[in-house]
Amino acid sequence: MSLIIKDLHASIGERQILKGLNFEMKPGKVQAIMGPNGSGKSTLSKVIAGHPDYTVTAGEILLNGENILEMEPDARARAGIFMAFQYPSEIPGVTIANFLRAAVQARLPEGELIDAVEFYETLYAKMDMLEMKREFTTRFVNEGFSGGEKKRNEILQMAMLEPKFAILDETDSGLDIDALRIVSQGVNKLKGPHMGVLVITHYQRLLNYIVPDEVHVLMNGRIVQSGGKELALELEAKGYDWIKEDSLVAA
Amino acid sequence: MEVLEQPITPTTTPATPSLDSFVPPHFQGPSAWTQIQKQAWKQYQELPFPARNDEHFRFTNRAQFQFENLSHLTPVNKEAQKQILLISVENRLKKPVAGRFVFGNDQLLYRQNLSAELSAKGVLWKPFSEAVEQHPELIEKYFMAKVTTLGSEKFARLHQAYLKAGSFLYIPKNVELELPLEAFHWIAEDKEMVFPHTLIIAEANTKVEIIDFFQSIHSEIGGFSTSVCDLHAGPGSQVRYVATQLWGRETRSFQLQSIIVDKDAHSKTLNLNMGGAYSRLESKSQMIGSGSKSDMLSLTISNDKQEFDQRTFQEHIAPNTNSDLLFKNALADDSRTIFSGMIEVDVDAQKTDAYQSNRNLLLSDTADSNSMPGLEINANDVRCTHGSTTSQIDDVEMFYMRSRGVPLPVARKLFTLGFFQDVLEKINDKDLEVELLDLIDQKYSQTKSL
Amino acid sequence: MSQTATPDIDIDRSVGDFHYDTSYEFDAGVGLSSKTVDYICDVKGDPQWIRDFRQKALKIFESKPMPTHWATEDLENIIFKNIRYYLSKGQVPKRTWEEVPEDVKRTFERLGIPEAERKFLSGVEAQFDSEAAYSNIKAIVAEQGVIFVGSTEGLHKHPEIFKKWFGKVIPTTDNKFSALNSAVFSGGSFIYIPPGVKVKHPLQAYFRINAQNFGQFERTLIIADEGAEVTYMEGCTAPKFETATLHSAVVELVALKGAKIQYITVQNWSSNVFNLVTKRGLAMEDAEIKWIDCNIGSRLTMKYPGVILKGRKARGEVISIAMANSGQHQDTGAKMYHLADDTTSNIVAKSIGIGSGRSTYRGMVHIPKHLKGCKNNTECDALLINTNSRTDTYPAIQVRGNKNSVQHEASVSKVSADQIFYMQQRGMTEAQAMSLSVNGFVNDLVRQFPLEYSVELKRLIDMEMEGSVG
């Protein structure tokens, strides 16, 4: 099981954002990508998920050796890629239960119907784990949710869909400390040898709760520095500027 | 219109066996009723066909008005009867109702009468032709007493002249019905015309729900229907009326609704519009008593070359009244919808709270939606708003769903069904909600382009 | 409320309500026939094609019924045979105020036109009944190649530009009153802005009706060539006569690629004027046309400025304020025809009903099939001051295809009692509070007017509000 990104170049409109990015997501590991605003963090997660606004101009993304760039977003998701959105979309009129059923159903072989009883058992178990109330399932997806509820809903979906690689895009944005703690606990409960987790964040704060095995720095569309979790603390203390100088020297 | 111009001639209805072995009597009618019909026929003939520049028919594609070679009261053959009763009765045994009528080609095929208990309380649930004979005083007082149409006056008179089949419901004061009443009106023959009527008289502090189903024996069948629902919600009553329109694809229909809401009464109407080639709905609510409220809801899913022509009117006559209208249309293929709504607040209707909303979801590049939400406000201490939006499936939501592995066609369908959800929830009847959602789902699934 | 009216207010409805006796050199007489049209052609020395155009228009006017199947029946009170269709003291406008005949000059001085010209305008045209008495453009603007003349002069001196666009945005057959205007038009402006020229200060026209039983039919054509920009303002007044007066203008705007035209109207006709005006602009690729339309005066106004969005990324906007006092009906609105991809339009209409006044909004948004990226947003809000005030809203929205989006919202409300109480508690009279509230209601729109006009507007609103609280 592997997800390897090779020499990825991507742009939105005329603007080149990723400029030859190389990265490998590893099963069983929690990896963090940090970087200043505009470095290409969100672009990376959206390109992996297949957002139509972005054009990949060069490079490949290999999932178990197979290039996924030609795959539709839903096919990528079914192949095991999950992205927790920074700004999850609202879907009026569609309940969380119905939405998740459709998502789980889509993963079953053609002609096989979802077992409703089993589905709800699993759903409720996961919700208990994430300390979520049952009424939550009857609400429309993200409609009228607080910032914390939206992010918790993202983690619930991750729990239900059991991805091989999960990318958390700025999951800490808009969360207070309590919500941050609950979301992080959820991720920590779900992580394990079967899943690689990539945490994309601007601040070190989230990494106090979801402790990474590796930290990578993304700048100007490339990974410019890699290290252990102490690298995050160093960035927190010194900011990003010293890396710029450093990486220029290295270049 | 040639056939329709013929004078009414008494028709004989052959004996038709039904589950209850009920045979409707040959309908002659008392002379007072015959007079009403004759008068209506005269008015029908005198009234002009809607003129080309008639604002009530703005945007209507008049090429849809095809009414040739129609027949009336064609006997329903055994095969058709069997099919009709299977769908309207046998398949619905699970659903308890207080009463049910089934009409085919305007002839009564089946009746489930009220329980002895309800009858003892004075509730009347009769086929219209019986009510004409047995309750002339109620007919005289309420029958199309205030039916003010929104353009289709001529068709209202035609209905009155031909009227034979329908439901008559009278609820004396303080009686509440726990179970709904159902009436089915079937077109069982190609090019058949029908004139279904629903007269609801709910006296003070009553509660009732009534559901009409308009269906054709085959989905491809043609025909012509002019139906009228005449709803009187007495003081403090709660009346819910649902019309499920599932006519065959070649059917033309005019569906006229008059809703009169008295003091502190609450009326809720829902129209589900699915079938027909040209389907015109005219729905008018009149708030005549202080504290009255009318909720007007409609769901339409159109495909192919279907045209749904919807004209609504919320008339606030008394002060302190409330109305809330929500019409939602999802349009596929080359289909068209026309929504023309009006909130009218009379000079004395201070403290009116009125809302009118038309939402159109376009699912194809050639679908055509026309929206004319109107206001005429003659009092100043009011809160009146209307809104109209025309939009499409949201790309951001599509990406979000797909990123969860939901294939695009499924995501689009979820989105479209979700579009109707708020209306369905407003009817506050879980079973009905499921039944209607299922019908919408079927229609969506049958739309090949989606 | 009298204590709230600024004592030195000199801009209000009554400011136009005066009349000096004037003798006219040219008078087409009373009533309308093909002879009237010939008379106008003869006086103006029109070329044959204009004569033909006018005569054809007259036939169209006569053949069209009054649009009372949707419009107010008050239209039936216009007696066409009692109207005078052409009155002037001469056809050539003067270039300096000194040359303008004394009685006419006095009129415009009293209305403050020469002063405004000196202060903040690039050019002024002042029309007195059928013809402009004065027309001038500042030298610095003229040197850039800007043409700003009356419609007759435009037609005679710049036929190559005039003929290309005249009657193309609003065909004669558009409606009964555009046909009437096409038959008897006189006066109005012809403006051409060469490519890339951005006219810094507004050009202004002032329309004055002086004579009784008169019909004013000015015709304006503004062409902004590629990348050009211009703001045009018009104002109007008339004395209040016993009998009805008719004003029926046609205004055509053409914004070529990348051009911008802003057209501002402050309509303050006296309350005996039928004001039936057709205004429409054509916006080519990336061009922008903005109508800012304020209707305070007249007995009946029917006016729905429109934009035909013909080029990709063209933008159209209508900002509209209407005040209807007792005896008035402001029937206004907007039309947006989207004919190219990625075109956007925006309509904001606010109306205020006072006394038994009636305000009506009519709108049309049209998006045909196979277009994409078109957007329209419409908001219309009505404020009703008195129990017998009336407002209507009649929008029509036609959208085909699933690649465009349209939104329409409208609301009707009264001034919040809490708000009034709050202001009263701070020491304001109820009338002052009401006036402030109404000004607040239209404030976001008034701010879009040039400063000089927004000050005038606020005062006009205060004047209209006077006596509305009993």
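**Exercise 1. Work out which chains touch, and how far apart chains A and C are.**

Solution. Start with the pair that fails: chain A and chain C do not touch, and their nearest C-alpha atoms sit 16 Å apart. Contact here means that the C-beta atoms of two residues, placed from the backbone, lie within 7 Å. Next, of the 2 pairs of chains that do touch, B and C have the most contacts.

A word on the ground rules: this is a predicted model, where local features need pLDDT of at least 70, side-chain atom pairs count only at pLDDT 80 or more, and totals for chains, interfaces and linings use all residues. Residues are numbered from 1 along each chain as its sequence is written, while chains are lettered from A and ligands numbered from 1 in the order in which they are written.

**Exercise 2. Take apart the side of chain C that touches chain B.**

Solution. First, count: 34 residues of chain C meet 34 residues of chain B. Second, look for elements (helices are DSSP runs of H or I with at least four residues, strands runs of E with at least two, numbered from the N terminus). Strands E23 (390–400) and E24 (405–414) of chain C each bring at least two residues to this side, and E23(C) has the largest share, 11 residues. Third, sort by class: 11 nonpolar, 16 polar and 7 charged. Nonpolar covers Ala, Val, Leu, Ile, Met, Phe, Trp, Tyr, Cys and Pro; charged covers Asp, Glu, Lys and Arg; the others, Gly among them, are polar.

Finally, check the pairing, which takes at least two DSSP bridges between two strands. Strand E20 (residues 368–377) of chain B runs antiparallel to E23(C) over 7 bridges, and B:Ile377 has C:Thr391 as its bridge partner.

**Exercise 3. Do the same for the side of chain B that touches chain A.**

Solution. The contact uses 19 residues from chain B and 23 residues from chain A. On the chain B side, helices H7 (395–402) and H8 (408–426) each supply at least two residues. H8(B) gives the most, with 9 residues. By class, this side of chain B has 11 nonpolar, 4 polar and 4 charged residues.

**Exercise 4. Decide where to go easy on chain B.**

Solution. Begin with the mean pLDDT (the predictor's confidence in each residue, from 0 to 100): chain B averages 90, and 93% of its residues reach 70 or more. Then find the weak stretch: over residues 1–27 of chain B the pLDDT is below 50, though this stretch has 43 contacts in the model beyond near neighbours in sequence. Where pLDDT is low, predicted coordinates shouldn't be read in detail.
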